[in-house]
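Biologist: I am new to this structure, so please take me through it and explain each term as you use it.

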Amino acid sequence: MPLLAPSVPISRLLVPGLAVGAVLVSCNPFAPGLDDMPTDPNQLLGNPVTVRGFFDRFRSAYQLRDSTLYGQLLDRQFSFTFRDFAANVDRTWNRDVEIATTYKLFRASRTANLQWTQYLPTTDTLFSDTLVYVDRAFQLSIEQVDNQQYAGSGSARLVLVRKQKGDPWRMRSWYDRSEF
């Protein structure tokens with residue numbers, strides 16, 4: 001007695017087997033499909049519409065060593081000031097120098113860990129919806145690609161600005177009071 005009835009075409013028998021094979025091939029646990037829900041970068045990286053979110057985004061830029069992300073936090077009129085202890089003077093540079101310097105730092109780093117540790121007393125005074133002065137303490141550790149490690153702590157006096165309430169905060173100035 002034959003196994004297949006002569007009246008059933010062979011193609012009808014292969015179609016269910018091909019369908020099962022196609023399902024098995026498309027189900028690869030090592031290559032899962034994309035998530036249907038888009039990820040909100042403000043939840044992942046920090047939402048710079050709030051002062052706290054600004055600092056979360058700042059930290060994320062350092063953790064990811066992403067100078068583009070960091071550059072988005074700087075106002076066009078940004079200035080960075082630090083104390084040159086050897087010359088006993090304050091030194092200042094503009095946004096372009098800050099971004100170039102940070103880019104080089106991130107490129108030379110294997111890891112960068114920035115922790116905002118505290119608001120300093122009498123700070124974070126919101127003068128308006130578009131201007132805030134913030135003093136923050138921080139700890140920064142950097143491991144360079146040549147295995148040199150740097151760690152230090154300090155504080156920063158930041159001026160944050162925005163055009164109107166609801167816009168993201170941008171850093172207008174940073175006065176750095178650390179001794180790296």
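**Contacts, core and strands**

Biologist: What makes a residue a neighbour of Met171, and which residues does Met171 touch?

Modeller: A contact means heavy atoms within 4.5 Å, and Met171 touches Phe54, Phe58, Tyr70, Leu73, Leu74, Asp75, Phe78, Leu158, Val159 and Leu160, with residues up to four places away in sequence not counted. This is a predicted model, in which local features need pLDDT of at least 70 and side-chain atom pairs count only at pLDDT 80 or more, while totals for chains, interfaces and linings use all residues. Residues are numbered from 1 along each chain as its sequence is written, and side-chain values use heavy atoms, with hydrogens and water left out.

Biologist: What is meant by a nonpolar core, and which residues have the most contacts inside the largest one?

Modeller: The term covers buried Ala, Val, Leu, Ile, Met, Phe, Trp, Tyr and Cys residues joined through side-chain atoms within 4.5 Å, where buried means under 20% relative accessible area, exposed over 50% and partly exposed in between (1.4 Å probe, protein chains only). The largest such core has 27 residues, and those with the most contacts inside it are Phe54, Phe58, Leu160, Met171 and Trp174. Helices H3 (51-64) and H4 (67-71) and strands S1 (74-84), S3 (109-119), S5, S6 and S7 each supply at least two of its residues, with the largest share, six residues, coming from H3.

Biologist: What makes a stretch a helix or a strand, and how many of each are in the chain?

Modeller: Both are DSSP runs numbered from the N terminus, helices being H or I with at least four residues and strands E with at least two. The chain has five helices and seven strands, which follow the pattern α-α-α-α-β-β-α-β-β-β-β-β along the sequence.

Biologist: Why are S5 and S6 called paired?

Modeller: Pairing requires that DSSP finds at least two bridges between two strands, and S5 (residues 131-144) and S6 (residues 149-161) pair in the antiparallel sense over 13 bridges, so the requirement is met. Within this pairing, Asp135 has Arg157 in S6 as its bridge partner. S6 is also joined to S7 (residues 170-176) by six bridges, again antiparallel, and there Ala156 stands opposite Asp176.

Biologist: Why does Asn147 count as partly exposed?

Modeller: Its relative accessibility is 48%, and that value lies between the cut-offs for buried and exposed, so partly exposed is the right label. Asn147 sits in the loop between S5 and S6, and has a positive phi of about 75 degrees although it is not a glycine. Arg65, in the loop between H3 and H4, is not a glycine either and has a positive phi of about 55 degrees; at 32% relative accessible area, Arg65 is partly exposed.

Biologist: How do you know that the buried residues of H5 are on the same side?

Modeller: The buried residues of H5 are Arg95, Glu98, Thr102 and Phe106, and they cover an arc of only 60 degrees, which puts them on the same side of H5; the arc is that of the directions from the helix axis to the C-beta atoms. The face turned away from that side carries the exposed residues Asp96, Lys104 and Arg107. Among the elements that cover the buried residues are H3, H4, S1, strand S2 (89-94), S3 and S7.
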